[in-house]
Amino acid sequence: MMKIMAEGVIDIAANLKTVQAVMTDAVAARPNQATDKMPTLVAVSKKKSVLMIKGAYDAGQRHFGENYVKELLYKAKDVDLAKLCPDIKWHFIGHLQKNKISQLMNCPRLHMVETISSYEVADSFQKKMKSDLTLNAMIQVNTSGEERKSGILPEQCADFAQHIVEKCPKLILRGVMTIGKPEHDYLCGPNPDFECLIKCRESISEHLNIPVNELDLSMGMSADFKEAIIAGSSHIRVGSTIFGKREN
Ligand SMILES: *Cc1c(COP(=O)(O)O)cnc(C)c1O
């Protein structure tokens with residue numbers, strides 16, 4: 001799917017177009033066209049240069065996702081990038097350690113933190129953020145139940161959402177996100193991580209009386225964003241399909 005130009009140069013604009021075409025097809029393929037709303041595309045730029053980010057921005061991309069606080073700050077504070085990409089919207093999508101939260105608060109144009117994964121982290125944002133600030137937030141759910149993954153367990157979602165809404169008003173609850181297990185075989189049926197996240201959103205919606213469509217579902221990455229959108233995702237995080245493989 002990814003287009004590579006001569007000498008291995010990656011054509012970011014073409015890759016973005018490809019992703020958008022798949023997104024459009026996937027929206028049309030939703031059963032009963034449940035909703036025809038296009039999802040938000042977050043371009044995951046971790047381990048990619050500011051030059052590549054600028055390339056994507058020039059092609060119209062505005063939302064960018066980063067996994068590491070240090071790397072995000074380095075990029076968000078880059079003077080040239082900030083000047084050339086004034087409308088950039090940063091999403092933090094990585095594992096959050098409590099001792100990094102103050103640093104994250106200093107990120108210019110931080111639009112959303114998608115990985116609020118524990119009471120401790122939520123409370124810490126509430127405590128450390130300046131009183132006149134708010135931040136868009138998503139609850140990270142550990143839908144696959146793998147121990148090494150962070151996130152709230154699905155059955156704790158509704159109570160945790162209530163805690164955020166009542167006790168952490170500086171966080172504006174925007175939805176739920178999952179990473180899930182990679183490489184689900186769709187011949188075996190629907191992706192259980194997606195189904196689980198959809199149920200979590202329902203439980204929060206019922207518990208707090210928030211209309212379901214006011215809560216975003218952040219699910220779907222390069223390998224499965226099409227299936228995620230068909231399943232109802234409103235927010236996808238795509239890295240390697242846009243920027244090329246990452247060196248690990
Ligand atoms: C790296 C990453 C992505 C993007 O992964 P790709 O497979 O490159 O699209 C999405 N979400 C999270 C949380 C990630 O860490």
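How many cavities of 30 Å³ or more does the structure hold? The structure, a predicted model, holds one. That cavity is taken up after the ligand and its pocket.

**Ligand site**

The ligand sits in the largest pocket. This pocket has a volume of about 720 Å³. Its lining counts 27 residues. Nearest the pocket centre lie Lys46, Asn67, Ile179, Met221 and Arg246. By class, the pocket lining splits into nine nonpolar, 10 polar and eight charged residues.

Which residues surround the ligand? They are Val44, Lys46, Asn67, Ile93, Ile179, Met221, Ser222, Arg237, Val238, Gly239, Ser240 and Arg246. One stretch of this shell runs from Arg237 through Val238 and Gly239 to Ser240. Five residues of the shell are nonpolar, four are polar and three are charged.

Lys46 and Asn67 belong to the ligand shell, and both are among the residues nearest the centre of the largest pocket. Ile179, Met221 and Arg246 also appear in the shell and in that central group.

Three side chains place an N or O atom at the distances below from a ligand atom.

| Side chain | Ligand atom | Distance |
|---|---|---|
| Lysine 46 | oxygen | 2.7 Å |
| Asparagine 67 | oxygen | 2.7 Å |
| Arginine 237 | nitrogen | 2.8 Å |

How much of the ligand's accessible area does the protein cover? On its own, the ligand has 390 Å² of accessible area. The protein covers 89% of it.

**Cavity**

Now the enclosed space. The largest cavity contains about 40 Å³. Its lining consists of Lys75, Ala76, Leu81, Ala82, Ile88, Trp90, Pro108 and Arg109. Two elements each give two or more residues to this lining: helix H3 (69-76) and helix H4 (79-84).

What classes of residue line the largest cavity? Six are nonpolar, two are charged and none is polar. Lys75 and Arg109 are in this lining. The pocket lining, by contrast, includes 10 polar residues.

In short, the ligand sits in the largest pocket, of about 720 Å³, and the largest cavity holds about 40 Å³ of space.

Technical notes
Residues numbered from 1 in each chain as written. Predicted model: local features only at pLDDT ≥ 70, side-chain atom pairs only at ≥ 80, totals over all residues. Heavy atoms only, no water. Near = heavy atom within 4 Å. Polar contact = N/O pair within 3.5 Å; in protein donor to acceptor, adjacent residues only side chain to side chain. Areas by Shrake-Rupley, 256 points an atom, 1.4 Å probe, with all protein chains shown as cover. 1 Å grid on protein atoms, 1.4 Å probe; cavity = no way out; pocket = protein on both sides within 12 Å on 5 of 7 lines; lining within 4 Å. Sits in = over half its atoms within 2 Å of the grid points. Nonpolar A, V, L, I, M, F, W, Y, C, P; charged D, E, K, R; others polar. Points joined across faces, edges and corners; volume = space filled by probe spheres on them. Helix = DSSP H or I, 4+ residues; strand = E, 2+ residues; numbered from the N terminus.
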